[in-house]
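Work through the following exercises with the model open beside the text. Each sets a task and then gives a solution in steps.

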Amino acid sequence: MKIGLLGRILIAIALGVLLGQVLDLSWVRIFVTFNSVFGQFLGFMIPLIIVGLVTPAIAEIGSGAGKLLLITVIIAYVDTIAAAILSYGTGATFFPTLLGTGGQQLEAIEKSAEILPYFTLNIPPLLDVMSALVLSFIVGLGIAYGRLWVLREATGEMKSIITGVIERVIIPLLPVYIFGIFLSMTVSGEVMRMMTVFAKIIIVIFALHIFVLLYQYFIVGALVKRNPLKLLARMFPAYLTALGTSSSAATIPVALKQTLKNGVSEGVAGFVIPLCATIHLSGSAMKITACAFTIALLEGMPHDFPLFLHFILVLAIFMVAAPGVPGGAIMAALAPLSSILGFGENEQALMIALYIAMDSFGTACNVTGDGAIALAVDKIAARASKFAK
């Protein structure tokens with residue numbers, strides 16, 4: 001029986017909680033050792049993920065369909081930032097009370113590092129995060145404007161390698177990694193508090209992603225002077241498809257069909273919907289921001305707005321380059337989570353677990369919002385065409 005990633009993650013969490021109450025410390029140390037090595041590997045891969053995914057994404061964007069592409073990218077980027085800022089504002093307003101912190105920082109959660117691994121490996125990354133990001137921009141823009149076709153092919157092949165590592169190595173091993181985290185947390189006595197917190201946050205994030213869709217369609221409804229609720233209702237089949245598949249790519253045919261039913265021209269819909277399946281991840285950015293704020297609040301880490309604004313602006317760039325595989329967005333987000341927010345192995349593992357638990361809702365939000373962007377781009381293109389005549 002084939003079990004999806006979400007199912008494997010849930011099984012890993014359940015086993016970690018159950019076995020953490022009965023396993024001997026020597027067995028626990030085996031998984032802590034695995035987590036130590038796997039965490040080093042993740043740290044090594046993060047700059048490579050940046051270079052391998054961001055570089056070809058910038059090269060493709062820079063050499064695309066001119067103004068229409070630029071307009072679509074700007075709208076997607078701004079909407080992703082807006083959703084993340086909304087998420088931060090919601091967290092800052094409600095999470096301290098909801099989590100019972102009363103606005104005060106909790107004591108730091110016991111780290112699994114206190115249960116020592118049998119051995120450790122040091123796998124230093126080839127670049128730091130910011131160096132990798134700057135290199136990606138320089139090379140990507142150089143490829144786009146210099147029309148360096150050979151280098152473009154090479155970066156495309158590099159992207160295939162990185163995506164393959166994510167799909168065939170990192171994603172399959174994530175359940176074991178998360179099992180080790182929850183196993184050590186259970187031994188530390190902290191798991192029940194974290195699971196209770198996460199249950200509350202998932203409810204808030206679900207409500208928040210519905211609100212994001214409503215404001216997207218109310219804004220575009222005012223722009224095109226049509227009923228926003230009817231426009232949103234026509235995208236419901238795409239929402240359900242994304243909810244069931246957790247894949248933006250698999251939902252493209254349905255999203256395209258429903259966008260055409262909303263009156264978007266065939267040319268614009270055929271261009272915007274496939275593009276936004278890659279670059280428009282407002283739901284994912286909203287989830288990541290909410291989860292990151294929660295963990296920062298619980299662990300007494302800095303969570304002020306200037307810090308998170310910096311994080312959000314960089315996160316939106318990484319969302320453009322996120323691979324279209326289950327869990328791809330959170331893997332791309334590990335770089336700003338570690339470099340800007342200072343998240344270590346434990347915090348990153350909790351982010352992965354919480355994100356994947358809500359993966360289908362974020363994908364549904366992303367894909368349904370693509371229809372709103374298509375309506376906006378279609379309206380802008382129609383006005384531009386009218387002025388040109």
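**Exercise 1: the largest cavity**

The largest cavity is lined by Ile202, Ile205, Phe206, His209, Met286, Lys287, Met358, Phe361 and Gly362, where a cavity is a set of points, on a 1 Å grid over the protein atoms alone, at which a 1.4 Å probe fits but cannot get out, and lining residues have an atom within 4 Å of a point. This is a predicted model, in which local features need pLDDT of at least 70 and side-chain atom pairs count only at pLDDT 80 or more, whereas totals for chains, interfaces and linings use all residues. Residues are numbered from 1 along each chain as its sequence is written, and side-chain values use heavy atoms, with hydrogens and water left out.

Task: state which elements give two or more residues to the lining of the largest cavity, and describe the lining by class.

Solution. Step 1: the elements are α6 (191–224), α11 and α15 (359–388), helices being DSSP runs of H or I with at least four residues, numbered from the N terminus. Step 2: α6 gives the most, with 4 residues. Step 3: by class, the lining has 6 nonpolar, 2 polar and 1 charged residues, with Gly counted among the polar ones. Step 4: the space in the largest cavity is about 50 Å³, a volume being the space filled by probe spheres set on the grid points.

**Exercise 2: helix α10 and the loop after it**

Task: check the span of helix α10 (residues 266–279) against 1.5 Å a residue, then determine whether His280 is buried or exposed and which side chains make polar contacts with the side chain of His280.

Solution. Step 1: the expected span is 1.5 Å times one less than the number of residues, so the 14 residues of α10 should span 20 Å, and the end C-alpha atoms, 20 Å apart, agree with this. Step 2: the buried residues of α10 include Val268, Val272, Leu275 and Ile279, buried meaning under 20% relative accessible area, exposed over 50% and partly exposed in between, with a 1.4 Å probe and protein chains only. Step 3: His280, in the loop between α10 and α11 (282–298), is buried, with a relative accessible area of 1%. Step 4: the side chain of His280 makes a polar contact of 2.7 Å with the side chain of Asp79, and another polar contact of 2.7 Å joins the side chains of His280 and Asp370; here a polar contact is a pair of N or O atoms within 3.5 Å, one able to donate a hydrogen and the other to accept it, and residues adjacent in sequence count only if both atoms are side-chain atoms.

Note on methods
On a 1 Å grid over the protein atoms alone, a cavity is a set of points where a 1.4 Å probe fits but cannot get out, and a pocket is an open set with protein on both sides within 12 Å along at least five of seven lines; lining residues have an atom within 4 Å of a point.
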